[in-house]
Amino acid sequence: MEVCGKLNLSLNITGRSGGYHTLDSVVASVSCGDTVIVRERKDNGITLNFEANFTPEVNSVTRAVEELHKTFGDFGADITVIKRLPLAGGMGGSSADAAGVIAALGYIYGFDGALIRKACLAVGSDVPYMLEGGYARMRGRGEAIEPIACDKEYGVVLVRAEGTETARVYAEYDRVGGDTPVDNDEMVKRLTCVRKFDKIPLGNMLARAAIGLNPRIALNLAACERAGLNANMTGSGSTVYAFTSDPEGDAERLKKMGLDAYAAHTCASGLKIYRV
Ligand code: C5P
């Protein structure tokens with residue numbers, strides 16, 4: 001199974017609820033993602049093999065399996081996750097892995113869809129969205145998802161930086177406040193009606209807080225601006241991205257400026273299942 005990462009085209013913070021911040025955010029799947037391989041077992045054993053250059057102690061996949069055990073009882077599986085999405089990059093990497101594992105186990109064992117979605121939210125705020133991916137407007141903690149009818153793929157250039165920890169960025173937001181919110185009704189209208197995305201104002205109310213913790217984000221945004229690109233930060237950072245009609249050319253230009261840039265495109269769907 002291939003699970004795409006996501007880009008927040010907007011991230012408005014609307015309030016607080018139960019220890020979390022409530023959001024109103026327009027998101028899109030992006031063509032870089034992780035691979036999740038799940039094999040059925042005859043016994044109730046679980047094995048997890050992480051192919052990544054870091055080993056999280058309690059990762060989202062372990063939590064996903066625990067939630068499914070709580071809801072559906074015992075089952076066994078051999079799970080391999082091949083990581084490509086950056087750690088703490090704001091692209092929903094750990095949520096993508098959890099959603100991939102939950103979707104694959106649901107498919108193999110025929111788990112009930114409504115109960116699966118409940119389990120997803122218990123694992124992480126972005127996990128319910130990651131089950132489907134594509135263009136969507138997410139509200140609340142991430143549990144209210146409205147798909148946006150847009151089947152276009154837009155070229156993007158992404159710039160990586162050292163990761164920012166989500167909980168710390170939200171805590172910093174509480175201290176320093178946020179940036180201007182985006183008009184999401186207008187953004188949804190434009191996504192469904194226009195053929196060119198470059199005129200749509202992007203934004204992220206967590207940017208100021210994330211920059212306070214990781215100034216590299218501001219340098220990357222400024223470098224994109226110097227290259228004539230209108231860049232935005234995704235999630236709680238640290239990746240920044242810009243829409244462009246020439247992703248490869250712009251990635252090369254940004255690399256020459258010393259940035260860790262690469263080309264990608266948005267996707268209308270975030271999950272691909274391959275039965276082998
Ligand atoms: O959802 P996730 O487990 O990745 O969030 C990590 C932490 O970030 C939460 O425990 C919370 O402190 C903060 N957070 C928040 N509001 C959100 C998402 C995360 O305050 N919508």
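Where is the place of Ala88? Ala88 sits in the loop between β5 and α2. Helices (H or I, at least four residues) and strands (E, at least two) are DSSP runs, numbered from the N terminus. Ala88 is not a glycine, yet its phi is positive, at about 50°.

This is a predicted model, in which local features need pLDDT of at least 70, side-chain atom pairs count only at pLDDT 80 or more, and totals for chains, interfaces and linings use all residues. Residues are numbered from 1 along each chain as its sequence is written, and side-chain values use heavy atoms, with hydrogens and water left out.

Another backbone feature is the cis peptide bond between Gly237 and Ser238, with omega about 15°. Ser238 belongs to the loop between β9 (231-233) and β10 (240-243).

Now the ligand. Gly19, Tyr20, His21, Ser125, Thr166, Ala167 and Tyr170 surround it (a residue is near a molecule if one of its heavy atoms lies within 4 Å of it). The shell divides into 3 nonpolar, 4 polar and no charged residues. Here Ala, Val, Leu, Ile, Met, Phe, Trp, Tyr, Cys and Pro count as nonpolar, Asp, Glu, Lys and Arg as charged, and the others, Gly among them, as polar.

Two side chains make polar contacts (pairs of N or O atoms within 3.5 Å) with the ligand.

| Side chain | Distance to a ligand oxygen atom |
|---|---|
| His21 | 2.7 Å |
| Ser125 | 2.8 Å |

On its own, the ligand has 450 Å² of accessible area (Shrake-Rupley method, 1.4 Å probe), and the protein covers 71% of that area. The ligand takes up the space of the largest pocket. A pocket is an open set of points on a 1 Å grid over the protein atoms alone, where a 1.4 Å probe fits, with protein on both sides within 12 Å along at least five of seven lines. β3 (20-40) and α5 (166-176) each give two or more residues to the shell. α5 gives the most, with 3 residues.

Aromatic rings come last. The structure holds 6 aromatic pairs (ring centres within 6.5 Å). One of them joins Phe75 and Tyr109, tilted, at 5.6 Å centre to centre and 40° between the planes. Planes under 30 degrees apart count as stacked, over 60 as edge-to-face and the rest as tilted. Phe75 lies in the loop between α1 (60-72) and β5 (77-82) and Tyr109 in helix α2 (residues 93-109), so this pair ties together parts 34 residues apart in sequence.

Technical notes: A polar contact is a pair of N or O atoms within 3.5 Å; within protein, one must be able to donate a hydrogen and the other to accept it, and residues adjacent in sequence count only if both atoms are side-chain atoms. On a 1 Å grid over the protein atoms alone, a cavity is a set of points where a 1.4 Å probe fits but cannot get out, and a pocket is an open set with protein on both sides within 12 Å along at least five of seven lines; lining residues have an atom within 4 Å of a point. A molecule sits in a cavity or pocket if more than half of its atoms lie within 2 Å of its grid points.
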